[in-house]
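Me: Please take one part of this model, the nonpolar core, and go through it closely. After that, I'd like a look at a few polar residues and at how far the model can be trusted.

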Amino acid sequence: MKRLLILLLLVVILVPSHAVAAGSTQVNGGGRGTIDGGVTPFSQFGFGVSIAPGGSAQGHFTCLMAGSSVFTGFEPLMKVDGQVSSGSASLGAGTAEFSGSGTLNLGPSGRTPALFWVDVTEGGVAVGTLTLTVLSLPLGPVPVTLPVETVMHGRITIH
């Protein structure tokens with residue numbers, strides 16, 4: 001729980017204050033996701049994104065699968081981390097998507113540049129969702145979409 005609090009604080013700190021422009025949509029979230037109905041943690045995630053009306057965006061995204069949140073085939077670690085550059089949101093539907101570039105860290109297999117796309121649905125436990133797609137050549141030339149995660153602990157907000 002202490003790690004989650006630190007992660008959420010980092011997200012808030014990392015989003016520049018100038019990113020909150022008039023008319024922009026704020027997409028924030030942090031917590032743990034699950035793909036099996038809340039029994040097993042799948043990832044730990046945190047993001048703070050400001051999306052301008054034209055689709056440009058600023059912010060940061062991190063998704064970590066390690067320890068109790070290990071993704072089979074990527075043991076002992078898979079981490080996607082980077083800066084958000086574009087996005088869109090539907091306040092009425094409570095959905096947003098954003099993308100950017102950063103790194104894919106596969107622990108002993110090394111770190112490499114990566115592109116990522118994230119789709120989220122607003123909500124807390126058992127309601128909010130996150131879907132991560134990653135393109136990094138160590139994974140192959142085709143983007144890899146991870147299973148849809150439901151918030152197990154934490155919250156995703158869009159406002």
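Reply: Here is the core, with some background before it and the polar residues after it.

This is a predicted model, where local features need pLDDT of at least 70, side-chain atom pairs count only at pLDDT 80 or more, and totals for chains, interfaces and linings use all residues. Residues are numbered from 1 along each chain as its sequence is written, and side-chain values use heavy atoms, with hydrogens and water left out.

First, the layout. The protein chain has one helix and nine strands (DSSP runs numbered from the N terminus: H or I of at least four residues for helices, E of at least two for strands). Along the sequence, the pattern reads α-β-β-β-β-β-β-β-β-β. Of its 159 residues, 47% are buried, meaning under 20% relative accessible area; over 50% is exposed, and in between is partly exposed (1.4 Å probe, protein chains only). Of the contacts (heavy atoms within 4.5 Å) with a separation of 6 or more, 49% link residues 24 or more positions apart.

Now the core itself. A nonpolar core here is a set of buried Ala, Val, Leu, Ile, Met, Phe, Trp, Tyr and Cys residues joined through side-chain atoms within 4.5 Å. The largest one has 28 residues, and the members touching the most others are Val27, Phe47, Phe61, Phe98, Val120 and Leu132. At least two core residues come from each of strand 2 (41-51), strand 3 (56-66), strand 4 (77-90), strand 5 (95-105), strand 6 (111-121), strand 7 (129-135) and strand 9 (149-158). Strand 2 gives the largest share, five residues.

Val27 is a good one to click on. Leaving out residues up to four places away in sequence, Val27 touches Phe47, Gly48, Val49, Ile51, Ala96, Phe98, Val120, Thr157 and Ile158. Phe47, Phe98 and Val120 are also among the members of the core that touch the most others.

On to the polar residues. His60 is in strand 3 and is buried, at 12% relative accessible area. The His60 side chain makes polar contacts with the side chains of Thr62 at 3.3 Å and Gln83 at 2.8 Å. A polar contact is a pair of N or O atoms within 3.5 Å; within protein, one must be able to donate a hydrogen and the other to accept it, and residues adjacent in sequence count only if both atoms are side-chain atoms.

Ser136 is in the loop between strand 7 and strand 8 (144-145), and counts as buried because its relative accessibility is 2%. Beyond residues up to four places away in sequence, Ser136 touches Leu104, Thr112, Pro113 and Ala114. A polar side-chain atom of Ser136 lies 3.1 Å from the backbone oxygen of Pro113. Leu104 is 32 residues from Ser136 in sequence, yet the C-alpha to C-alpha distance is 7.2 Å.

Compare Ser85 in strand 4, which counts as partly exposed at 46% relative accessibility. Ser85 touches Gly55, Ser56, Ala57, Ser99 and Gly100, again skipping residues up to four places away.

Finally, confidence. The chain averages a pLDDT (the predictor's confidence in each residue, from 0 to 100) of 86, with 81% of the residues scoring at least 70. Over residues 1-20 the pLDDT is below 50, and that stretch has 19 contacts in the model beyond near neighbours in sequence.
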